[in-house]
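Welcome! Below are a few exercises to work through with the model open beside you. Try each task before you read its solution.

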Amino acid sequence: MKSEMAETMNFQVTGLGLDKIKLDSPQSFLDQEEVEEAEDGQLLEPEAWRTYVERRNALQEFLTSDLSPHLLKRHHARMELLKKCSYYIEILPKHLALGDQNPLVLPTTMFQLIDPWKFQRMKKVGAAQTKIQLLLLGDLLEQLDHGRSELDALLESPDPRPFLAGWGLVEQRLADLSAVMDSFLAMMVPGRLHIKHRLVSDIGATKIPHIRLMLSTKMPVMFDRKESVAHQDWVSLRWFVTIQQAVPEQFELRYKLLDPRTQQECMQCGIIPVAACAFDIRNLLPNRAYKFTVKRAESYTLVYEPWRDSLTLHTRPGPPEGLAPSRLGKLGLSLTTPSER
């Protein structure tokens, strides 16, 4: 679709400058009678009118396919998802050393060869590169939104003459937006991590493995808000990852009582390692609000994790006072997985 439009419009990227058309100028708008005449082709020669219709249709086609509101909405959703992802360094071999009989140099083996201090520096570089990439993606998406608004305003102009006179600028704008879209799509995938210094120290070996570092992305961990429910003195929590990893993951679940009223109630909090996507926390206080957060367990290769999901649940009220047994001394925690219930 893009290549066909490029051939039709002979795109040339020379800048923006769509404001030179002066769409907001009063002279660009005609009264109703002149609009009707323009629609009948009476303001232009027949050949010019045909050119106007063809170019207007081409612009409309671009806005309904390459830059449609639905497509931009999807990109905004993907951008919001990337802001919630976790980013890691992935170590891969560039190629096998000459004469190496091993079929692969495993990342676990390479970790033993990498200088730990240099690797920590690279993690900081990876975090900075990820932040910059997310900022650039946001800027590119803003350019696409603004460009569509400009072109929409151009289509709404009732006078065909400024449209034809400024068609060169329109072509430039379309080509520019196509390039912005290509850059946006290419940057959606984390790329190679740039290395300035050698990570493997001199180990006296005859063959030092050649490695490359890549930034990888893991989808965010999010609570299942339909399945996570609070009872009178316990909660049942469920969470999920959009794209499950091949290897089972470890998670870190945190909880705390909101607005504790006594020193003893301040102890209603904790950090729980979990090797599943479900967990029950018991012996909570009735009719109280608790905040829960979940994320992946810490990893040596984690470089950037800007977001973690949180959920607030309110336990149900207990029976009327005088009917329930005393809860004194029962503020200790009893933690069970659903399989142990």
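**Exercise 1: a helix and its span**

What span should the 20 residues of helix H3 (residues 46-65) have at 1.5 Å a residue, and how far apart are its end C-alpha atoms?

Solution. Keep in mind throughout that this is a predicted model. Start with the expected span: the rule multiplies 1.5 Å by one less than the number of residues, which gives 28 Å for H3. Next, look at the ends of H3: their C-alpha atoms are 29 Å apart, and this agrees with the expected span.

**Exercise 2: the two sides of H3**

Find which residues of H3 are buried, and work out how they are arranged around the helix.

Solution. First, pick out the buried residues of H3: Tyr-52, Ala-58, Leu-59, Phe-62 and Leu-63. Now look down the axis of H3: these residues fall within an arc of 135°, so they line one face of the helix. Finally, turn to the other side of H3, where Pro-46 and Glu-54 are exposed.

**Exercise 3: a pair of helices**

Describe how H3 and helix H8 (residues 167-187) pack.

Solution. Begin with the geometry: the axes of H3 and H8 are 12 Å apart, and the angle between the two helices is about 20°. Angles under 35 degrees count as roughly parallel, and H3 and H8 are therefore roughly parallel to each other. As a last step, note the handedness: H3 and H8 cross in a left-handed way.

**Exercise 4: building a sheet**

In what order do the four strands of the open sheet lie, and which are the edge strands?

Solution. Read the order across the sheet: S7-S6-S9-S11, with antiparallel pairing. The edge strands are S7 and S11, since each pairs on one side only. From one strand to the next, the twist averages 20°.

Now zoom in on strand S9 (residues 289-296). Seven bridges join S9 to strand S6 (residues 251-257). Two places to look are Tyr-255, which stands opposite Phe-292 in S9, and Phe-251, which stands opposite Arg-296 in S9. Six bridges join S9 to strand S11 (residues 309-314); here Ala-289 has His-314 as its bridge partner in S11.

Is S9 largely enclosed or largely open? Six of its eight residues are buried, so S9 is largely enclosed by the rest of the structure.

**Exercise 5: positive phi**

Locate Asp-259 and Asn-287, and state the phi of each.

Solution. Recall the background: most residues other than glycine have a negative phi. Asp-259 has a positive phi, near 55°, and sits in the loop between S6 and strand S7 (269-274). Its relative accessibility is 65%; the cut-off for exposed is over 50%, so Asp-259 counts as exposed.

Asn-287 also has a positive phi, near 55°. Asn-287 is found in the loop between strand S8 (278-282) and S9. With a relative accessible area of 40%, Asn-287 is partly exposed.

**Exercise 6: far in sequence**

How many residues apart in sequence are Gln-120 and Val-303, and how far apart are they in space?

Solution. First place Gln-120: it belongs to helix H6 (residues 116-156). At 36% relative accessibility, Gln-120 counts as partly exposed. Then compare the two distances: Gln-120 and Val-303 are 183 residues apart in sequence, while in space they are 9.2 Å apart, C-alpha to C-alpha.

Technical notes: Residues are numbered from 1 along each chain as its sequence is written. This is a predicted model: local features need pLDDT of at least 70, side-chain atom pairs count only at pLDDT 80 or more; totals for chains, interfaces and linings use all residues. Side-chain values use heavy atoms; hydrogens and water are left out. Buried means under 20% relative accessible area, exposed over 50%, partly exposed in between (1.4 Å probe, protein chains only). Two strands pair if DSSP finds at least two bridges between them. The arc is that of the directions from the helix axis to the C-beta atoms. Axes are lines fitted to C-alpha atoms, for helices over the stretch in contact, and angles run from 0 to 180 degrees between N-to-C directions. Angles under 35 degrees count as roughly parallel, over 145 as roughly antiparallel, 65 to 115 as roughly perpendicular and the rest as oblique. A crossing is left-handed if the near helix is turned anticlockwise from the far one by less than a right angle, and right-handed if clockwise.
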